[in-house]
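Ready for some practice in reading a protein structure? Take a moment with the picture, then try each exercise before you look at its solution.

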Amino acid sequence: MSLPHFPILRWGEPYESLDVETVVHFATGEELCQVSQANPGLIARDMRQAHRARQALRAIPCDELCRRLGTAAGLFIKSTLPLGSARQSPEDFVRCQSATTGLPEHMCRFNMEKLHYVLTNLDAILGSLTRGLDRGILTRGYGEERGVMRSMQANSPVLGMVLPSNSPGTHGLWLPVPALQIGLVLKPGPLEPWTPFRMAQAFFEAGLPRESIGLYPGGAEVGMAVVNHVPRTMIFGSKTTVEQYRGNPAVQVHGPGFSKIILGDDCVDEWEKYLDLMVDSIALNGGRGCINCSGIWVSRHSREIAEALAQRLGPVAPLPPDDPKAPLAAFTIAAQAEGINGMIENALAESGVEDVTAKYRGGERLVREQRCAYLRPTIVHCDSPKRSLANTEFMFPFAAVVECPQSDVLKAIGDTLVCTVISNDEAFRCAVVDATNIDRLNLGAVPTTRLNWLQPHEGNIISFLYRERALQSG
Amino acid sequence: MTADVSATTAAPRTTEDARRALDAHLREIVRWHFSPETGTPFWLDWAKRTGIDPIARVKIVDDLLVFPNFADESLRSEPLERWVPAAYKGRPFTIFETGGTTGMPKQRIGWEDYKTDYEQFSATLRDADFPRNGYWLMMGPTGPRRLRLAIEHLANYRGCSCFFVDLDPRWVKKLISSKQFDQAKAYMEHVVDQAVTILTHRRVNALFTTPKLLEALAEKISIPDAGIRGVFCGGTTMEPQYTRFLVEEVLEGRTKFVPTYGNTLMGLACHKPLTPEDRYSITYYAPQPRAMLRVVDPDHPEHVVEYGQWGRVELTTLTKEFFMPRFLERDEAIRRRPCDLYPWDGVGEVRPFGASKTTIVEGVY
């Protein structure tokens, strides 16, 4: 039987490349699909027609687009949809996504539900992100609201997305975009073509204009072409990538999160009450995400907390991806896991740092399999914020429990995507609210992984895509 | 002076004919470079030093194995006079340089070779695509490169003249290597803008450029609408999908695309005209017998690989001006079968050596 083939979608039209990559099962090497590879020039040429994507979407009222996207949500999660020349059921989708990304199947299902949630709650999400803006203003570009003229100008007819291979949950970020009457130029991660293609098919079947979506699988140079040619692009990368594009208004980079939990001096003595919250924040969804907690910061009890976390997480070991309790995602490139393990081992040589999980693990952190590898959860204790592992993030359940006086903590934590602060000390809460190095702030016992989609994530997508400007009429 | 027979011999029709013609030409060139009356100091000294008599030993192509792989370092280190055949002594020569990035470039001297090569190449071009008496534009590396004079000669030979827009590939490579991508982009725009100016104000029918510059030019103007009927292109890797993109989209299926593979040391290898069965996979054929290409096992370069297999490109240049046996190019390719038009081995899908294992900076050249 021939493998399913993902074509390039050029404003919705399939285009089969002469350059084709075969994507294989991470554990068995079984060939699963073929993916047409774009050459960068295709993007440059297609971007000449990008205005048509917005034109087509603008012809449909925002509310109607929200309704159609809601229909797409149902199709995405329940229907058998086209997959190249074949068709794919939701269960096949889960199996395939797991097989190429290394994510356990139950986590793939969870991510599907997350995407479904976003699409079925677009009204509320957009209402919140636009602060209740009359969406007709997005369509017309201007209009009166409460007697005041407001004008919203699209910064780009389309949003470019250079997507990762290892985190299917991130697709939630681009799902609201067509409802804002902005088209999409998607560059899927090499190992995760499944979600963008399936979602595009669901969009088409739900009545979104085909010409509103471009999909360009390919190598890093294709990602660069998207960044270079699309006026607004969202990318995912390392700390270096974040630095590279800092201050570039055309590129929104989603890098490591360095998300943290801080227990204030007034609550830290009751740390046991928050143990489940800490475990969930560290390990949920395989501990891969930027919203997973990588640091617990406290002024005392750090060693007891580390011990308790290590006791809970240390014994966690890999299970087959179809096991409904599989807790860990595989590293499909074993060398990546080996590299991370080596880095951790080197950093553990520093005094004041201890791998507390080691004694509860009953084996090595690195589990090598024939074609992949796993890293088992690791909790390290750092006696000071100065230790190199105190502020690090890895793509598996890893966290440092760091002892740090409350008076220093907000400076010491550095850039933090999600910060859960458990404290009733008003002065400290005030300081936390003012800390500009914290992006998403959870005040109280909220796991770092619990995202409220009605809140902006690493910048409001509305202000990335639209410019509020003055408009007067005579 | 003896005429260069290779330029006038009728094209062979079968692989056997081609092989016989190549063997005969090889014997003549070896005799020329290794005879005291006509020979080249570098090669005469080599024969003396090694005790090998190539005139006696080299009768057919397989006998070229008496020579080791040519060390191109000698093109940097040897005084230029050491490459002057006795028969050319006293005639001023032209100095051509290879790409180069930093340090001393490789240099090849020459007299008429580039003219002969490009006159032969001219015969492969259709007048409908590259009109006689039509102006040419060269947008690419000029400076000390053979290509600059060669393209001008080609234009002249076909009855007209050539405009030039220079691109310094050494500078581009430096910019890319030092990650100054913005500067590289700005320089490329500067080059392309100049070409657009020429094409806007002058009537030009034929263009030589590199693939990347061609793509960048098409971002600014429609190449067929600008009056360009044929594009002769070379310089970097052209994989099938990229070739298809150039033909179908950059040239809009309306301008003839003629890819070539060449360099200062070889001359110009022509491509077999593409057919649907080729699926845009380009095969080049050396300008035999003046140069021959083999695809060899990188670990055992004395052996060619099987047809359809990847290997390293090995070049032997066989003219009276320049003899260079078994030089291992920094390219790899698929060994392809002879075709009707060129009844000798071809090299397919040429790309930088090691490209399958690592990313190689090619810049715009």
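Here are five exercises with worked solutions on this predicted model.

**Exercise 1. Describe how chain B and chain A meet: how many residues are in contact, and which parts of chain B take part?**

Step 1. Begin by counting: 13 residues of chain B are in contact with 13 residues of chain A.

Step 2. Next comes the area. The two chains bury about 1,200 Å² between them, and 43% of it is on carbon and sulfur atoms. On the side of chain B, Glu219(B), Gln241(B) and Glu249(B) lose the most area to chain A, together 46% of what that side buries.

Step 3. Now look at the polar links. Between chain B and chain A there are nine residue pairs in polar contact. The elements of chain B that give two or more residues to this side are helix 9 (211–220) and helix 10 (240–250). Helix 10 of chain B gives the most, with eight residues.

Step 4. Finally, sort the residues on the side of chain B that touches chain A: six are nonpolar, one is polar and six are charged.

**Exercise 2. Find the salt bridges: how many cross the interface of chain B and chain A, and how many does the whole structure hold?**

Step 1. A general idea helps here: side chains of opposite charge can pair when their charged atoms come close.

Step 2. Across the interface of chain B and chain A, there are two salt bridges. One of them can be checked against the cut-off: Glu219(B) and Arg45(A) meet with N to O at 3.9 Å, and a salt bridge needs the nitrogen within 4 Å of the oxygen.

Step 3. Over all chains, the structure holds 55 salt bridges. Inside chain A, Arg135(A) pairs in this way with Asp63(A), and their closest N and O atoms are 3.2 Å apart. Arg135(A) lies in the loop between helix 6 (122–129) and helix 7 (136–140) of chain A, while Asp63(A) lies in helix 3 (residues 62–78) of chain A, so the pair ties together parts that are 72 residues apart in sequence.

**Exercise 3. Trace the open sheet of eleven strands in chain B: which strands are at the edges?**

Step 1. Write down the order, which is 4-3-5-6-7-8-9-13-12-11-10, with mixed pairing.

Step 2. Read off the ends. Strand 4 (162–166) and strand 10 (291–296) of chain B are the edge strands, since each pairs on one side only.

Step 3. Check the turn between neighbours: on average they are turned by 35° against each other, direction ignored.

Step 4. Zoom in on one pair. Strand 8 (residues 267–271) and strand 9 (residues 283–285) of chain B run antiparallel and are joined by two bridges. His271(B) has Tyr284(B) in strand 9 of chain B as its bridge partner.

**Exercise 4. Do the same for the open sheet of seven strands in chain A, and say which helix lies across strand 23 of chain A.**

Step 1. The order is 17-20-21-16-15-22-23, and the pairing is mixed.

Step 2. Here the edge strands are strand 17 (353–355) and strand 23 (438–443) of chain A. Neighbouring strands are turned by 20° against each other on average, direction ignored.

Step 3. At strand 17 of chain A, three bridges pair this strand with strand 20 (residues 378–382) of chain A in the antiparallel sense. Asp355(A) stands opposite Val380(A) in strand 20 of chain A.

Step 4. Helix 16 (residues 426–434) of chain A lies across strand 15 (259–263), strand 22 (416–422) and strand 23 of chain A, running at about 150° to strand 23.

**Exercise 5. Look for uncommon backbone geometry: where is a cis peptide bond, and where is the phi of a residue other than glycine positive?**

Step 1. Recall the general rule: most residues other than glycine have a negative phi, and most peptide bonds are trans.

Step 2. The peptide bond from Gln288(B) to Pro289(B) is cis, with omega near 10°. Pro289(B) sits in the loop between strand 9 and strand 10 of chain B.

Step 3. His301(A) has a positive phi, near 65°. This residue is placed in the loop between strand 16 (293–298) and helix 12 (302–313) of chain A.

Terms used
Residues numbered from 1 in each chain as written. Chains lettered and ligands numbered in written order. Predicted model: local features only at pLDDT ≥ 70, side-chain atom pairs only at ≥ 80, totals over all residues. Heavy atoms only, no water. Contact = heavy atoms within 4.5 Å. Buried area = accessible area lost by both parts, 1.4 Å probe. Salt bridge = Lys/Arg side-chain N within 4 Å of Asp/Glu carboxyl O. Polar contact = N/O pair within 3.5 Å; in protein donor to acceptor, adjacent residues only side chain to side chain. Helix = DSSP H or I, 4+ residues; strand = E, 2+ residues; numbered from the N terminus. Nonpolar A, V, L, I, M, F, W, Y, C, P; charged D, E, K, R; others polar. Pairing = 2+ DSSP bridges. Axes fitted to C-alpha atoms, helices over the stretch in contact; angles between N-to-C directions.
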